[in-house]
Amino acid sequence: MLEQDVTFNTVLASLDSYANAIGWMGDRKAKNQTKDYVQQLRVKTPSVNQIVKLLSGGNQQKVVIARWLMRDCDILIFDEPTRGIDVGAKEEIYRLMQQLAASGKSIIVISSELPEILRVANRIAVFANGRITGTLRNEEASQEKIMQLAAHGEEEE
Amino acid sequence: MSTPQQSGSTTTVIQQAVAENTDRRDVSGMLKRQLQQSLAFGTLVVLVIFFAIASPAFFTVSNLTTVLLSTAVIAILALGTTFVIITGGIDLSLGTGMALCAVMTGVIITNWGLPIWVGVLGGIATGVLMGLVNGVNITFLRLPPFIATLAMMMIAGGLALVISNVRPIYFSTSAPDFKRIALGVLIPGIPNAVLITIVLAIVAALVLSKTLLGRYTFAIGSNEEATRLSGVNTRRWTIFVYMFAGAFVGVAGVVIASRLDSAQPQIGMGYELQAIAAVIIGGTSLLGGRGSIIGTVIGALIMSVLVNGLSILSIQTEWRNIVVGVVVLLAVFFDSLRNRQRT
């Protein structure tokens, strides 16, 4: 996908909704919608025709997020959403997740980065060895408590 | 209030810098892409000029018509297989498959005495059916495309011989008009086979760049797993791509049968490699995800100009094969060179 442009990558998961009965693509509509999302997510790209490979890691990540926002799902799963991207882009992605949550979407974040978890989650379920070893509300959670639960699970085995 | 504003202006500056930077890279990337296309086109022009100077017999209307006519069948096969190669696959069953389609057309028209259009549709349907079998073998049985289509190459070649009793099927008495499909002239100066090729090239180019099938062809070739995770039924679309390519094999079978005014069960061998070579020379990547129809058309023209030009210079067939082989080597070498630059 990295060889393709921003529009291609953004509409990939909803391509069929841009095609008519015989499979002809409505390119203008796809491009305009992509522009909307590029603006909304503040993707730093010279144009929607830019090859995704030439964007920074954080902006590539935003394009992937745009791909799924375009489908307008109620539940979004973010699996390690900020791995390998810079601090500024991380903040933007956190802000974005909060916006989405505020607009009524449910978000499940999978992460192994404790500060990130404490920053974004309302409820935290800690897994160890494939089982949930405890669920914490954000107010009562701390890095120590999370680590305790994570280690606790291992002792049991 | 002043702090956010300040940080806001800083980000704008960064944004601009990033934008300028990537913009320049985008332009150079575009130039590179233009270059690879013009490289093939330039090669074609140089070859034509070279042969035109080397022999007065080359640049004549009748010889150029011959070149176009001999390009037709390989170009039609190459158009369809461009899609397959962009998905990262390969189709070795093009050649013998084409022979089988030709034989089926012959059986329907000559042996069964049905009208020509039924024979044409039957030939194309045979190609689509082979594409379906190839696609199912590749996606559901998870056979590598090389193996699945190698097996199909042998099966189709064998079937063509069995069905025809190892004898050519002639159309001259059963359907005297059949040869006009390829050799008739609807538009003065252009044999129908060439016209068919041009129309199919336009259709293929539109499908590749403007339709869902084309988008998924590129998506699957770029990264099949990521495409699947984006909710795309990649198996179904891979099968569609092989069936689409199969339809081109069917048309090629009809055209070659019409041109020879007979269905020759043994003609297919070797055509698949020439078609694949044309696609590769045209800049379509064997790794998938990249390619164009115009490139394939140029690639097919380079192949037939080379063969025709060398034979006009009365160079022996053996040497012609060697030259074509070297050209394929060079094309793949430039392709890998481009890939290295990109990473």
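**Exercise 1. Place B:Leu39 in its chain and describe its surroundings on the surface.**

B:Leu39 sits in helix H1 of chain B, which covers residues 2-54, where helices (H or I, at least four residues) and strands (E, at least two) are DSSP runs numbered from the N terminus. This is a predicted model, in which local features need pLDDT of at least 70, side-chain atom pairs count only at pLDDT 80 or more, and totals for chains, interfaces and linings use all residues. Residues are numbered from 1 along each chain as its sequence is written, chains are lettered from A and ligands numbered from 1 in the order in which they are written, and side-chain values use heavy atoms, with hydrogens and water left out.

The next step is exposure: B:Leu39 is partly exposed, with a relative accessible area of 40%, given that buried means under 20% relative accessible area, exposed over 50% and partly exposed in between (1.4 Å probe, protein chains only).

Finally, B:Leu39 joins B:Ile315, B:Trp319, B:Ile322, B:Val326, B:Leu330, B:Phe333 and B:Phe334 in a nonpolar patch on the surface, and together they have about 710 Å² of accessible area. Helix H13 of chain B (residues 317-342) gives the most to this patch, namely 6 residues. Patches are made of residues with over 30% relative accessible area and no salt bridge, nonpolar side chains (Val, Leu, Ile, Met, Phe, Trp, Tyr) being joined within 5 Å and like charges within 9 Å; a salt bridge is a side-chain nitrogen of Lys or Arg within 4 Å of a carboxyl oxygen of Asp or Glu. Accessible areas come from the Shrake-Rupley method with a 1.4 Å probe, and for residues only the protein chains shown count as cover.

**Exercise 2. Decide whether B:Thr149 is buried or exposed, and find its contacts.**

B:Thr149 belongs to helix H5 of chain B, residues 145-164. Its relative accessibility is 0%, so B:Thr149 counts as buried. With neighbours within four places in sequence left aside, B:Thr149 is in contact (heavy atoms within 4.5 Å) with B:Ile90, B:Asp91, B:Leu92, B:Ser93, B:Asn134 and B:Tyr242.

**Exercise 3. Describe chain A and chain B in turn.**

Chain A has 6 helices and 4 strands, in the order α-α-α-β-α-β-α-β-β-α from the N terminus on. Of its 157 residues, 43% count as buried, and the C-alpha atoms of chain A fill a box of roughly 55 × 35 × 30 Å along the principal axes.

Chain B holds 13 helices and 2 strands, and buried residues make up 48% of its 343 residues. The accessible surface of chain B comes to about 16,100 Å², with 70% belonging to carbon and sulfur atoms.
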